Amino acid sequence: MIRKYIYKYRILILDFGSQYTQLLARRIRKIGVYCEIFSWHASEKNIRAFQPNGIILSGGPESSTSANSPRAPQYIFNSGIPILGICYGMQIMAIQLGGKVENTNHREFGHAKIIVHSTNSLIESINDTFKKNKNFTLDVWMSHCDNVTEMPSDFIVIGSTEHCPIAIMINEKKHFYGVQFHPEVTHTHQGIKLLENFVKNICKCEMLWTSVNIIDDTIYKLREILGNDTVILGLSGGVDSLVTASLIHRAIGDRLKCVFVDNGLLRLNETKEIVNMFSCCLKFNVIHIKAEQLFLNALVKVYEPEEKRKIIGRIFVEIFEEEASKFNEVKWLAQGTIYPDIIESGISSMSQAHIIKSHHNVGGLPKEMKLRIVEPLKEFFKDEVRNIGVTLGLPHTALYRHPFPGPGLGVRILGEVKKEYCDLLRHADAILIEELHKNQLYNKVSQAFTVFLPIRSVSIMGDGRKYDWVIALRIIETTDFMTAKWANLTYEFLSNVSTRILNEVQGISRVVYDISNKPPATIEWE
Ligand code: XMP
C-alpha cells in the first residue's frame, strides 16, 4: 500500500503559538519527513493515534514563568518518543521535568554566538567556527527574555552564550533535547542540519516525503475516493488549481471536466493565456464560461469587502453546479485548497486563528451544495505544491506566478466594482508586472499588484487640469504570506512605474506606494 508507505515516518509539532511554527513544519517536510502541527492542548489520544517518531515543542509568545502559560501534555515525557524543545518549548520541557526558568530581565533578540562545549547526536558534524581550545561556535537566532536557570536532573548543558548559560541542554539517554534558539529560521546557519540530525539520526526517520512519492500517493488516493465518478473543477489559472487539475487528470483522465469562468475580474489577457495553456499545451477538456456581466451586475452598489467575496464565491458555485448538472454523472467538485488556507480560515482543529478574511475556496460554499468536495492539496504547503508541479512537468511561468486571490480584482477595487475601474486597474497592473520582469525583480518579490482607489485627485496634463482616480502599488516580500514586508525597491524603479501609469493609463491622476507591513495590514486591501 503506497499510502501507508509515505506516512510511515512522522514528526509531530506541538504548537505553542510561535510565528515560525509553519516554517518549522515546512523545514521538516523539506528534509523529507511527513509532519503535522497539533495545538499544544491536543489530547493524549490524538497524539497516540498519530504515532509520531519524534515530537517538536515549538516556540511561543507567552512567558513560561507565568503559571497559566501553556504546557505540553505530561504524557509525552514518559512515552519514550524523542523530543526537541525550541525556545519556549525548551523552557517548558525544563519546567515540566523539574528544572527552573526565570525572567533574567535581559532580552536576547537577533544574532547570537553559541559556544558549544561538547558534541552529541543533535549537533554532530555541524559548526560555524572552531576555536583554539576545541570548543566551536554556532551562529544562531535568539528571541527570548526567559532563561532556563536550573536543568532537570540527568540533563547536561552543551552550549551557552554570554547571556544564556543554558542555551543547549540534552538528556541523550532519554532523547530529550532543548535549544533556546530557533533552528528553523535561516539566520541560524546550521539550523536545517540540526533539524535533520534530530529527524534522521535521533528519530530514525527515513526520507519518504518526496514529490515523486507524494504524487504516487495522491493519485492512488484519488482513484480510491473517486472510483468511476466524474469530477468538475474550477480553474483559476493559479498554481493551486493547475496542480489540482493535473493530479486529478492523471488519476481519472477525461472524467475530469474543467470549467474556466471569466468573471470580468481577471488580469489583462489572462483569459486567453489560461484557455490556451489548458487546451493547447496540457490537452485538458476546458469549458470556458463568459460570465463578466453576471458578476458585475451582482456587484452593483455592493461596497463591503466580505459581502463582495461572498457574492463572487456564491456565483462561482452556482455556475459550477449548473455546468455539473449538464453532465448528470458529475458527483464531485475539486478545489485547490492548500494547508495554509485551512489554517488561516480557522477551520483546522489545530488552529486557534481568528477568521481574518473568508477565502472563498474554503469558507464560501453554501450548505445545500449538492456536489461533494475533493481537495487533493489540502495537506500541502505552497512550496510543496510548486515542487509537485515541477515534478509533473507543468510550465514554470504558471507555477511561479504571483498568487492572485479568487475574488480577483473584486477585492482590489475598493468599494463598488465597475467595468470602467476594472479596465483601468488591469492596464496599470500590466505595466507594474511588465516593469518587474524587465528589471529582473518579478521573482525577487513575493507578490505585486495594483489597487484601485475610488477617490479623485487633481493633476495637470499639458495645459489641462484633470480630476482622476488614484492607483496604489502593493509589492511585498514574504515566505509564508501570513506575515509580509513591503518591498524596499529603488526610487528609480518606483518612479518609472509611476510615470508609465500616469502617461499610459487615461483616467489615473496619482500613483502611491503602500508601505504597510502585515501585520497589521493584510496583503490585499480588502
Ligand atoms: P491577505 O490579504 O489575507 O492575503 O493578507 C494573503 C494571501 O492570500 C491571497 N488571498 C486570497 N486567495 N482567495 C484566494 O484564493 C481569497 O479570497 C484571497 N484573499 C487573499 C492574497 O492575494 C495573498 O497572497
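**A tour of the annotated active site**

In this predicted model, the mean pLDDT of the protein is 90, with 93% of residues at 70 or more.

Begin by selecting Cys87, His182 and Glu184, the residues covered by the "active site" annotation in the unreviewed UniProt entry. Although they are spread over 98 residues of sequence, the three cluster in space, and the largest C-alpha distance among them is 11.2 Å.

Next, centre the view on Cys87. This residue sits in the loop that links strand E4 (83-86) to helix H4 (88-96). Its relative accessible area is 5%, so Cys87 is classed as buried, the cut-off being under 20%. Display its surroundings: beyond four places in sequence, Cys87 has contacts with Gly59, Ser143, His144, Val179, Gln180, Phe181 and His182.

Move from there to His182, which is found in the loop between strand E10 (176-179) and helix H5 (191-202). His182 has a relative accessibility of 4% and therefore also counts as buried. Its contacts beyond four places in sequence are Ser18, Tyr20, Gly59, Ile86, Cys87, Trp141, Ser143 and Thr188. Gly59 and Ser143 thus appear in the contact lists of both Cys87 and His182.

Now show the side chains of His182 and Glu184: a polar contact of 2.9 Å joins them.

Finally, select residues 347-360, where pLDDT stays under 50 and the model has 38 contacts beyond four places in sequence. Residues 362-366 also remain under 50, with 10 such contacts. Where pLDDT is low, predicted coordinates should not be read in detail.

Definitions and conventions: Residues are numbered from 1 along each chain as its sequence is written. This is a predicted model: local features need pLDDT of at least 70, side-chain atom pairs count only at pLDDT 80 or more; totals for chains, interfaces and linings use all residues. Side-chain values use heavy atoms; hydrogens and water are left out. UniProt positions are given in the numbering used here, feature names are shortened, and annotations may be inferred rather than shown by experiment. Helices (H or I, at least four residues) and strands (E, at least two) are DSSP runs, numbered from the N terminus. Buried means under 20% relative accessible area, exposed over 50%, partly exposed in between (1.4 Å probe, protein chains only). Contact means heavy atoms within 4.5 Å. A polar contact is a pair of N or O atoms within 3.5 Å; within protein, one must be able to donate a hydrogen and the other to accept it, and residues adjacent in sequence count only if both atoms are side-chain atoms. pLDDT is the predictor's confidence in each residue, from 0 to 100.
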